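Dear colleague,

I am handing over the structure we spoke about, and my notes on its pockets, cavities and cores follow below it. Please read them with the model open beside you.

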Amino acid sequence: MLILGIESSCDETAAAIASSERSVRASAVLSQMDHAPYGGVVPELASRAHIRAALPVIENALDQTGARLRDLSAIAVTQGPGLVGSLLVGVNLAKGLAYGTGLPVLGVHHLEAHLFSALIDSDLEPPFVALLVSGGHTELILVHALGDYELLGATLDDAAGEAFDKVAKLLDLLPPGQLVMGGRAVSASAEHGDPTTIRFPRALSGRDTLDMSFSGLKTSVLTYVNSLRNEGGQEALTAATPDIAACFEQAVVDVLIDRTMRALKSRCIDRVALVGGVAANRRLRETLAEAAETIGARLTVPSIALCTDNAAMVAAVGAHQFAQGSGGGRVDEGYDLDASPRLSLPGLQASRPA
Amino acid sequence: MNTRTVPFQREVTSSPEQTQALGAALATHLHPGDLIALEGDLGSGKTCLIQGLCRALGVTSRVNSPTFVLINEYDGRRPGGEQLLIRHFDLYRLSGSEELEEIGVREFFHDPESLCLVEWADRVPDLLPAKYWSIEMSHLEDPADRQVCCRWVMAPSAAMATARGSEA
């Protein structure tokens, strides 16, 4: 079995080949830098860039394995959620390739793909709790089995990655106009700061919920930055920036760890996976590893390349679906697949009583 | 409907709950086809007000910041019980109106059946319809306080038509 996976839900154009849900043979990603000069994401540019990048990326993935299109079993593609124009490029390309080759098309949910990223090259088995953190998502999901998911908690307002982006802007850590990729900038500054100097709020902590909130934290940082600038001028702010970054990062990490640990304990689960782009954050990875160890839980963190948006995880879900027979193997299967910007996760249920 | 009763002109809130209550107060004055343009700095309470507004319109799903995906959609209900599609935009990541227009936002903004809630609407002044609700939010000296100003805005042409209509 060889499955081609295609991912184009936001800024990355990616293709990968998987031979099973745990085994990826090739993976290629092209990140879009075209937005930078415009100071924000530009949906139409994103779509055009996906169109330019998609075929070369697919050829690259095929070349890495030495396989040709005719050797494939099916084509899997991210169907949603995401930017509609970007999703359409991937979905229509997948359908076009499927039509030309007679292969079935399989629609993949972006979040399910992130959950599967923890399986690749690992022996992790359900049940496990996944902490999914990225620019657009912050969710705690209990994976009872592949295809059977329970939402334990989620952010009530801003995603964790979004809070990083916005704080990077408040602290002037980004080049003019740039509004994304703030996590790296905040973490780099935080490396030089003391995370114990300012006590930013940990919203909803101590309450009987696994939900999270980062909007108040962002506002608290803003208030602190403004008062510091008013009292001590830009100089004082610049001097304090590493401490502010470190204390903000610590607050986000504390909230994520608190909810994850309580989820594991309340459900008696001893396996946890950290997935999504924010998993690249070193403080989060290290703190979660320590916390998991104290309760004897095993932590799985995929490689950074599998945490940021990629097609390996899409191909992995496709391999699972195909093996389960949901591809059906019929030539016409999947031609009515449509991009779905607000797709809900199949098999996801609201929290059940513990 | 050309002129509208504005539920409040200027209010100061001291908690997220109070900001949500203002959103709920505005909700009762809304009609399908309305657009609410929200302006205000990071953390001034735009999403919070929208949460209160959506809850008052019967939205049961999560209402959170669509910064990353640009648009969230919710199923709400009008006071009479009819279904109302609510589109929640966050233009923070966008660079200008041209790009937004290309993804078909003008059609959403002028859809007479649904409700549009637009955060960072000041980034696309030329895409706003001739009549809309303006909500301006700002921080005050006390970090907990927010000033919320609400106006019903009409472009000159729309205001002129209204004036003529009322003379007739």
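The lining of the second largest pocket divides by class into 13 nonpolar, 21 polar and 13 charged residues. Please bear in mind throughout that this is a predicted model. That pocket holds about 1100 Å³ of space, and among the 47 residues that line it, Asp157(A), Ser213(A), Pro16(B), Cys48(B) and Gln51(B) lie nearest its centre. Two or more lining residues come from each of helix 4 (160-170) and helix 6 of chain A, and from each of helix 1 (16-27) and helix 2 (46-56) of chain B; helix 2 of chain B gives the largest share, with six residues.

Turning to enclosed space, a search of the whole structure finds two cavities of 30 Å³ or more. The second largest cavity contains about 30 Å³ of space and is lined by Pro201(A), Arg202(A), Ala203(A), Ser213(A), Gly216(A), Leu217(A) and Val255(A), which by class are four nonpolar, two polar and one charged.

As for the cores, the largest nonpolar one has 76 residues, and those with the most contacts inside it are Phe200(A), Phe214(A), Val221(A), Ile244(A), Phe248(A) and Phe109(B). Helix 6 of chain A, residues 215-267, gives the most to this core, with 21 residues. Leaving aside residues up to four places away in sequence, Val221(A) touches Val167(A), Leu170(A), Phe200(A), Ile244(A) and Phe248(A). Apart from this largest core lies another, of 36 residues, including Ala16(A), Leu115(A), Ile141(A) and Tyr149(A).

With best wishes

Note on methods. Residues are numbered from 1 along each chain as its sequence is written. Chains are lettered from A and ligands numbered from 1 in the order in which they are written. This is a predicted model: local features need pLDDT of at least 70, side-chain atom pairs count only at pLDDT 80 or more; totals for chains, interfaces and linings use all residues. Side-chain values use heavy atoms; hydrogens and water are left out. A nonpolar core is a set of buried Ala, Val, Leu, Ile, Met, Phe, Trp, Tyr and Cys residues joined through side-chain atoms within 4.5 Å. Buried means under 20% relative accessible area, exposed over 50%, partly exposed in between (1.4 Å probe, protein chains only). Helices (H or I, at least four residues) and strands (E, at least two) are DSSP runs, numbered from the N terminus. Contact means heavy atoms within 4.5 Å. On a 1 Å grid over the protein atoms alone, a cavity is a set of points where a 1.4 Å probe fits but cannot get out, and a pocket is an open set with protein on both sides within 12 Å along at least five of seven lines; lining residues have an atom within 4 Å of a point. Grid points are joined across faces, edges and corners, and a volume is the space filled by probe spheres set on the points. Ala, Val, Leu, Ile, Met, Phe, Trp, Tyr, Cys and Pro count as nonpolar, Asp, Glu, Lys and Arg as charged, and the others, Gly among them, as polar.
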